[in-house]
Amino acid sequence: MSSKKSLKISNCYLKKRAYLLIIAAFFLFISSCAPEHKRISFQNNISDEIMEREYSSGSENAYYEYMLGSIAEISGRWQDAINHYSSALKHDPSSAHIKTQIAYIYLKLGNIREALEITEGVVKTHPDYLPALVLLGDLYNSQRRLADAILVYEKVVSASPEKTQALLFLGVLYAGNNETEKAINAFEEVLKKEPENIMAMYYMGSIRLEKKDYDQAAIHFEKIIEINPSFDAAHFNMGIISEIRDEITKAEQFYMQTLLINPHNIFARERLARLYLEEKLFGKAIEEFEEILKQMPRNIDIHQRLGLLYLQEKRYDNSISEFRIVLEARPDDIASMYYLSLALIELKKYDEAVLELRKIILHDPKNISAFLTLAVVYSKQNRHAEAARVYEEILSFEKGKPEIYAQIANSYMHAKEYAKAEDVLKQGLSIFSSNDELSFAIAVVYEKMGRFYEMESYLKQAIEINPKHADALNYLGYTYADKNIHLEEALSYIERALELKPDSGYIIDSLGWVYFRLGRLDDALKTLLRCLEYLKDDPVVYEHLGDVYEAMGNPEDAIKAFTSALQFEEKEEGLKERVEQKIQNLKLKIQK
């Protein structure tokens, strides 16, 4: 080689060497300014085979491109890093390290297929290269290829038995693959080497918890809390164990401690909310779900739960808002439509409720709950004929529910279409002849139609079918008292009814009335005054009280009672004229 050419090569070499030193200095400056874990990561990424090799011109080119790739990687310029590492690989095609670095970049980019292909190639040619084995195990695990990941990590542990982290992860893989005993052995081995390894304890406790060995699980989690009181997952699992042991107060305390350590622990907050629901502390449950929504505003299930809780707590506007959010995300959510309709009904927004119920019926033409609620809404709007048609529509696909016949009849009665009510109930009784409610319902219809003997017959039939039918007992007893017949029998029926429903104001009124008919005026007065504690706005009770006062020779108090009855006269048809006549008659007596 000529001296000129030799000098040219030498100068070129020195310039390149100087440039490499500048690059290295720049890289060290960056790494010295970075956090400690990034410096360590960078140092681990430098291949010993590149650093220690005698540089030929080819290896210098590899090192130069490798350094540029490392700088690009630190800067987050992933594609530039791949390009530089690939260039380095051209100069050093056998480098397992560079190939593994490229695989890591593809993994960061989410290109699992490319990362896996490269890493499998590295392991095939360099079966003992630990960084590639570790990466391959992670890649298999990410694809839920647990058996393959286990085989790889068994090699890692075998090659580096002193590395407890690899052994720990192998235990996790065993656990994920339902190889419980192997997992326990791996964690126990970790704890032999590192007795206070919190993660090994945590996984051991988790396995024991899953195996329902709660006492052993608690020992591990309590030990973790003793070593590191700020380990929120240990507090959380102790909360679960306390729940299982039915130690609710302790469970609540553990969940609250979990949230004190980590306010973002959604699972602890949800478990705490469930505890409050079981204890019927709905306000506290609402607070927890509201906190969850602050962290997960798009969690539709939580919006739905909140909607139900607001409905439970009669916060109807809030409930409506939550169900609207749910339905915006899930337009076909029938349950949310239904609960939304209930909230709207409570706020007397009947037309909006009807729209929601009609949507349900459009999606599910045989949804009985929607039909029944729709009929109720129509009844609240005094649209009784429409309510009856809704019930009849139910009968077109559901004839196996006797209560439907009773509800149709009730709608017809409100509409004063008693003949139609009678027809429907007869249809029901032809199918359910031994149904006490249908017998009672048709008796009421006959009372409205003035057909006393048929009413009496069906009331007795209802009582024969169900001797504890308090309403039938009361109805028959009151009817006898009102007609002033069979008074001792009437008293017996009413007393039996009152035993079944001791706090029923209507039955107490019946008792007072039968006492009046029997001439037991003191008992009647005492009973009717007690009745007013239950029925303060019932005009019939005040009328009965007025009748008693009049019979006792106390016209002034009688007039006061009758006047009180007139304040609520709209509740009882025909009462106004009758009571006004009684007042007029009393005033004439007083004048005389």
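These legends accompany an overview and several close-up views of a predicted model.

**Figure 1. Overview of the all-helix chain: 34 helices and zero strands.**
The protein chain has 592 residues, and buried residues make up 45% of them. Its exposed surface is about 31,300 Å². Carbon and sulfur atoms supply 51% of that area. Among contacts with a separation of 6 or more, 45% join residues 24 or more positions apart.

**Figure 2. The largest pocket, with a volume of about 1,700 Å³.**
Its lining counts 41 residues. Closest to the pocket centre are Glu447, Lys448, Tyr475, Val540 and Glu572. Seven helices each give two or more residues to the lining: H24 (402-414), H26 (436-448), H27 (452-465), H28 (470-483), H30 (505-517), H32 (539-551) and H34 (575-591). Which helix gives the most? H28 does, with seven residues. By class, the lining holds 18 charged, 15 nonpolar and eight polar residues.

**Figure 3. A stacked aromatic pair, Trp513 and Phe516.**
The whole structure contains 17 aromatic pairs. In this one, the ring centres are 4.8 Å apart, with 15 degrees between the planes. The angle is under the 30 degrees that marks the limit for stacking, so the pair counts as stacked. Both residues sit in helix H30, three residues apart, and are therefore separated by about one helical turn. Are Trp513 and Phe516 buried or exposed? Both are buried.

**Figure 4. A cluster of aromatic rings built from Phe187, Tyr202, Tyr203, Phe221 and Phe231.**
Ring pairs link these residues into the cluster.

**Figure 5. Ser411, a buried residue of helix H24.**
The relative accessible area of Ser411 is 1%. This is under the 20% limit, so Ser411 counts as buried. Which residues touch Ser411, beyond its neighbours within four places in sequence? They are Ser379, His384, Ala387, Ala388 and Tyr391. The view also takes in Ala385, which lies 26 residues from Ser411 along the chain. The C-alpha atoms of Ser411 and Ala385 are separated by 6.9 Å.

**Figure 6. Gly307 in helix H18 (residues 300-312).**
Gly307 is buried, because its relative accessible area is 0%. Leaving aside neighbours within four places in sequence, Gly307 is in contact with Ser319, Glu322 and Phe323. Arg324 is 17 residues from Gly307 along the chain. Between the C-alpha atoms of Gly307 and Arg324, the separation is 9.2 Å.

**Figure 7. Glu65, a charged residue that is buried in helix H4 (residues 57-74).**
The relative accessible area of Glu65 is 15%. Buried means under 20%, so Glu65 falls in that class. Not counting residues up to four places away in sequence, Glu65 touches His84, Ser87 and Ala88.

**Figure 8. Two lysines with positive phi, Lys280 and Lys348.**
Most residues other than glycine have a negative phi. Lys280 has a positive phi of about 60 degrees. Lys348 also has a positive phi of about 60 degrees. Where do these lysines sit? Lys280 is in the loop between helix H16 (266-278) and helix H17 (282-295). Lys348 is in the loop between helix H20 (334-346) and helix H21 (350-363). Lys280 is exposed, with a relative accessible area of 61%. Lys348 is exposed too, at 60% relative accessibility. Both values are over 50%, so both lysines count as exposed.

**Figure 9. Phe397 in the loop between helix H23 (384-395) and H24.**
How accessible is Phe397, and what class does that give? At 24% relative accessibility, Phe397 counts as partly exposed. The reason is that partly exposed covers the range between 20% and 50%. Not counting residues up to four places away in sequence, Phe397 touches Pro365, Lys366, Ile368 and Phe371. Pro365, one of these contacts, is 32 residues from Phe397 along the chain. The C-alpha atoms of Phe397 and Pro365 are separated by 9.4 Å.

Technical notes
Residues numbered from 1 in each chain as written. Predicted model: local features only at pLDDT ≥ 70, side-chain atom pairs only at ≥ 80, totals over all residues. Heavy atoms only, no water. 1 Å grid on protein atoms, 1.4 Å probe; cavity = no way out; pocket = protein on both sides within 12 Å on 5 of 7 lines; lining within 4 Å. Points joined across faces, edges and corners; volume = space filled by probe spheres on them. Helix = DSSP H or I, 4+ residues; strand = E, 2+ residues; numbered from the N terminus. Phe/Tyr/Trp six-rings, centres within 6.5 Å; stacked < 30°, edge-to-face > 60°. Buried < 20%, exposed > 50% of the residue type's maximum accessible area, 1.4 Å probe, protein only. Contact = heavy atoms within 4.5 Å. Areas by Shrake-Rupley, 256 points an atom, 1.4 Å probe, with all protein chains shown as cover.
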